Amino acid sequence: VLATINSLLGGIAAKTLPNAHAFSAANYAAVFGSLLFLNAALTTASFFLAAICGTCQSTALSVFIVMVIIVASAAPTIGVSLGASSVSIEYESSGGAGNFWAYASTERTSVWYNYDSSEPSVTSYQSPIVSYEESRVYAYPEENLERYSKEDFFQGCYIRPGASTQFSRPALASFFWFFVPQAHFMMGWANILGYTSMPGNTFGLDQASRSPELLATEALLNYRGGVEPLYAADNTNGTSLFPQGSTVLTEYNYQYDYNDHCKSVPVPDSPWGDTTRVCKSNCPPEQLSNISYSGTCANAAEGYPPTSGDGSPSFNDAVGYLFAVTLVYSILAAYFSSVFPMGNGSPMKFYFPLLPSYWLGGRKKSSEGGDGA
């Protein structure tokens, strides 16, 4: 009851706040629903915490458990902050975008200021993204020219993932985040914040069931007035590793043999027999891409971009996870308080849920020989 009242008042306060774009652009049901299920999940988590602390004879251990729970509650915010990286105008950024997604491009700009000129020298080039498999292969330029094609790397516009995507991949991380209610709350609101960050978008019931990958492309399409294409086709240079507008988490692979990474080759037409140093690279050759360097290129992390039907959790999914967490913590709290009642009744066997008599009821002989319940 308190969770419901608290969520109702919180939703009303959020919708009446002046100049709060995220709240005004979101449906009231989304605000109220997220607050309600977060309150319910935190309440049952508190019951579970009380049951755990009740089994501890040591005050120090109880304090330690409480501190662990406090740190875990802040972990989603810390995790998103650490996983985010700033956008560089010169190099491809790696990692996620923070709480909600961000639109990005492989086009980079280099600005040079010459001491003998007041005008800077501006050069545009590409910082392509290669596949996970190609990023593990370092080869010399002539070898890359033979094995690479424009289908093996990506240039153009893509979407850097936010909390919804990062908390659900990989599987081990998603298992940990499942038990932290704040993570699911952040996942749901990441979709709202990302969708409404583009002017003219309002988050309603239709958007609540869509993955952040779909919401990101829809938000940009609405902002552009529904005009196709979503992205500038001249930025792709004919590459087709994955479609334009895909959600991609980028990373760098620096695992190569340092002892066999470079070689000296003669400089063509050098009268003095000069040599130059050529090193291996996992980047596509300059003949296929407008790239200004050849070293280590960013690659799409494993599992990216998400395939059709394998998108990240929607807002409704996040609310469903909160409901599931509520049930899990309720069951765990009831179990620990039954096995370790700490003076509040007789303890039950740790395997009591497996006993048919617990579910079906049982009758036993009384001391007087009669039947007793």
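Colleague: What makes H9 a mostly covered helix?

Modeller: A count of its residues. In this predicted model, 13 of the 16 residues of H9 are buried. Buried means under 20% relative accessible area.

Colleague: How do you know that the span of H9 agrees with the one it should have?

Modeller: Set the two values side by side. At 1.5 Å a residue, the 16 residues of H9 should span 22 Å. The end C-alpha atoms of H9 are 23 Å apart, so the span agrees.

Colleague: And H11, how far does it reach from its first C-alpha to its last?

Modeller: H11 has 12 residues and reaches 16 Å. That is close to the 16 Å expected at 1.5 Å a residue.

Colleague: Which residues of H11 are buried?

Modeller: Pro212, Glu213, Leu215, Ala216, Glu218, Ala219 and Leu220.

Colleague: What covers the buried residues of H11?

Modeller: The cover includes strands S1 and S6, along with helices H7, H9 and H10. After H11 comes Gly225, with a positive phi near 75 degrees.

Colleague: Which residues have the most contacts inside the largest nonpolar core?

Modeller: Trp101, Ile192, Tyr195, Phe203, Tyr231 and Phe315. This core has 21 residues. H3, S6, H9, H11 and H12 each supply at least two of its residues. The largest share, four residues, comes from H11. Apart from this core lies another, of 11 residues, including Leu38, Ala41, Ile65 and Tyr329.

Colleague: What does Phe315 touch, not counting residues up to four places away in sequence?

Modeller: Phe315 touches Ala30, Ser34, Gly188, Asn191, Ile192, Phe203, Ala208 and Arg210.

Colleague: Why is the pair of Glu218 and Arg210 called a salt bridge?

Modeller: Check the distance. A salt bridge needs a side-chain nitrogen of Lys or Arg within 4 Å of a carboxyl oxygen of Asp or Glu. The closest N and O atoms of Glu218 and Arg210 are 2.5 Å apart, so the pair counts.

Colleague: Is Glu218 buried or exposed?

Modeller: Buried. Glu218 has 18% relative accessibility, and the limit is under 20%. Its partner Arg210 has a relative accessible area of 28%, so Arg210 is partly exposed.

Colleague: How many salt bridges does a search of the whole structure find?

Modeller: Four. One of them joins Arg147 and Glu134, with the closest N and O atoms 2.0 Å apart. Arg147 lies in H6 and Glu134 in H5, so this pair ties together parts 13 residues apart in sequence. Glu134 is buried at 16%, whereas Arg147, at 26%, is partly exposed.

Colleague: How do you know that the side chains of Lys263 and Glu142 meet in a salt bridge?

Modeller: Their N to O distance is 3.2 Å. The cut-off is within 4 Å, so they qualify. Lys263 lies in S8 and Glu142 in H6, so the pair ties together parts that are 121 residues apart in sequence. Lys263 is partly exposed at 30%. Glu142 is partly exposed too, at 41%.

Colleague: Why is Ile129 called buried?

Modeller: Its relative accessible area is 0%, so Ile129 meets the limit of under 20%. Ile129 lies in strand S4. Ile129 and Phe153 are 24 residues apart in sequence, but 5.6 Å apart in space, C-alpha to C-alpha.

Colleague: Why does Thr236 count as buried?

Modeller: Thr236 has 13% relative accessibility, so it also falls under 20%. It is found in the loop between H11 and S7. Leaving aside neighbours within four places in sequence, Thr236 is in contact with Gln155 and Gln244.

Colleague: Why is Val1 called exposed?

Modeller: Exposed means over 50%. Val1 has a relative accessible area of 80%, so the word fits. Val1 is found in the segment before H1. With Ile5, Leu9 and Ile12, Val1 forms a nonpolar patch on the surface. Together they have about 420 Å² of accessible area.

Colleague: Why is Asn19 called exposed?

Modeller: Its relative accessible area is 82%, so Asn19 passes the 50% mark. Asn19 sits in the loop between H1 and H2. Its phi is positive, about 60 degrees, although Asn19 is not a glycine.

Colleague: Which peptide bond is cis?

Modeller: The bond from Tyr304 to Pro305, with omega near -5 degrees. Pro305 lies in the loop between S10 and H12.

Methods:
Residues numbered from 1 in each chain as written. Predicted model: local features only at pLDDT ≥ 70, side-chain atom pairs only at ≥ 80, totals over all residues. Heavy atoms only, no water. Patch = residues over 30% accessible without salt bridge, like charges linked within 9 Å, V, L, I, M, F, W, Y side chains within 5 Å. Areas by Shrake-Rupley, 256 points an atom, 1.4 Å probe, with all protein chains shown as cover. Buried < 20%, exposed > 50% of the residue type's maximum accessible area, 1.4 Å probe, protein only. Contact = heavy atoms within 4.5 Å. Expected span 1.5 Å × (residues − 1). Core = buried A, V, L, I, M, F, W, Y, C linked by side-chain atoms within 4.5 Å.
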